[in-house]
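This report introduces a protein structure to a reader who has not met it before. Please keep the sequence and the structure in view while reading.

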Amino acid sequence: MRPLRYSINLTLDGCCHHEAGLPPDEESMRYWTAEMERSDALLFGRVTYQMMESAWRRPASGVWPDWMDEWEVPFAEAIDRAKKYVVSSTLSDVDWNAELVRGDLGEAVQRLKDEPGEGLWVGGVNLPLALADLGLIDEYELVVQPVLAGHGPTLLAGLHERIPLELVDRTPFRSGALAVRYRPVRATA
């Protein structure tokens, strides 16, 4: 069984809008590239899939755009080649090495988790909330940035039940950001 890891950047006050925190730097991009490469596939909702595709899909020319710094290319290449699963009730088809996930969310994601491999990587806001409510997330990986946004969507807003977590790893960045990894504390019988 492969674990499902939820990974996201957020500000110190819990805002998880992708533009609220620090801009990416070489250290954070190396970190996220390594984390993505620990996974066999990515799991996105429609909004995150379309946002990631618009930023990180290799252009038809095969040449990465001029706005991309050299240190961003490994991340772009990793996400571009990754297998992707997209949960959407509104999209009729996807490409970019992706396939749609249909049917009951819990059953569909559990089937993906039951496949052999290193892990699944989920990002975004709405889909991870649903997965957390279903108890399907095995690891929460947060890069907490030293910024107070004061607005925007907050991490897992609307979670139905409290999920106790245990710290399993932390990595400080030169920017002052801190990557923390938690696992749910499972009740023992």
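How many salt bridges does the structure hold? The structure, which is a predicted model, holds 19 salt bridges.

## Salt bridges between parts of the chain

In one of these salt bridges, the side chain of Glu-139 meets that of Arg-5, with 3.6 Å from N to O. Glu-139 belongs to strand β6 (residues 139-145) and Arg-5 to strand β1 (residues 4-11), so this pair ties together parts that are 134 residues apart in sequence. Glu-139 counts as buried because its relative accessibility is 5%. Arg-5 likewise counts as buried, at 7% relative accessibility.

A salt bridge also joins the side chains of Lys-83 and Glu-99, at 2.9 Å from N to O. Here Lys-83 lies in strand β3 (residues 83-87) and Glu-99 in strand β4 (residues 98-101), so the parts tied together are 16 residues apart in sequence. Lys-83 counts as partly exposed, with 23% relative accessibility. Glu-99 is partly exposed as well, with a relative accessible area of 38%.

## A buried pair and a network

The side chains of Lys-113 and Asp-138 form a further salt bridge, with 2.8 Å from N to O. This pair links distant parts of the chain: Lys-113 is in helix α4 (residues 105-114), while Asp-138 is in the loop between α5 (126-133) and β6, 25 residues apart. Are Lys-113 and Asp-138 buried or exposed? Lys-113 counts as buried at 2% relative accessibility. Asp-138 counts as buried at 17%, because the cut-off for buried is under 20% relative accessible area.

Salt bridges that share partners also build one network. Its members are Arg-5, Glu-35, Arg-38, Glu-139, Glu-141, Arg-181 and Arg-183. In general terms, side chains of opposite charge can pair when their charged atoms come close.

## The sheet of eight strands

Eight strands form an open sheet with mixed pairing, in the order β4-β3-β2-β5-β1-β6-β8-β7. Which strands stand at the edges? They are β4 and β7 (165-172); each has a single partner strand, so one side of each is left without a neighbour in the sheet. On average, and with direction ignored, neighbouring strands of this sheet are turned by 25 degrees against each other.

Within the sheet, strand β2 (residues 41-45) and strand β5 (residues 120-122) run parallel and are joined by three bridges. Leu-42 stands opposite Trp-121 in β5. Helix α5 packs on the sheet, where it touches β1, β2, β3, β5 and β6. The direction of α5 makes about 105 degrees with that of β2.

## The hairpin of β7 and β8

Strand β7 and strand β8 (residues 178-184) run antiparallel, joined by seven bridges. One position in this pairing is Leu-167, whose bridge partner in β8 is Tyr-182. The two strands form a hairpin with five residues between them. In the turn, Gly-176 has a positive phi of about 100 degrees.

## Ser-7 in strand β1

Ser-7 lies in strand β1. With a relative accessibility of 4%, Ser-7 counts as buried. Which residues are in contact with Ser-7, leaving aside its neighbours within four places in sequence? They are Trp-32, Trp-121, Val-122, Gly-123 and Glu-141. Between the C-alpha atoms of Ser-7 and Trp-67, which are 60 residues apart along the chain, the separation is 25 Å.

## Helices α1 and α3

Helix α1 (residues 26-37) includes Thr-33, a residue that is buried, with a relative accessible area of 8%. Not counting residues up to four places away in sequence, Thr-33 touches Pro-74, Phe-75 and Ala-78.

Helix α1 packs with helix α3 (residues 73-81) at an angle of about 25 degrees, and their axes are 9 Å apart. Angles under 35 degrees count as roughly parallel; α1 and α3 are therefore roughly parallel to each other. Their crossing is left-handed. On the α1 side, the contact is made by Met-29, Trp-32, Thr-33, Met-36 and Glu-37. The α3 side contributes Pro-74, Phe-75, Ala-78, Ile-79 and Arg-81.

Terms used. Residues numbered from 1 in each chain as written. Predicted model: local features only at pLDDT ≥ 70, side-chain atom pairs only at ≥ 80, totals over all residues. Heavy atoms only, no water. Salt bridge = Lys/Arg side-chain N within 4 Å of Asp/Glu carboxyl O. Helix = DSSP H or I, 4+ residues; strand = E, 2+ residues; numbered from the N terminus. Buried < 20%, exposed > 50% of the residue type's maximum accessible area, 1.4 Å probe, protein only. Pairing = 2+ DSSP bridges. Axes fitted to C-alpha atoms, helices over the stretch in contact; angles between N-to-C directions. Contact = heavy atoms within 4.5 Å. Parallel < 35°, antiparallel > 145°, perpendicular 65-115°, else oblique. Left-handed = near helix turned anticlockwise from the far one by under 90°.
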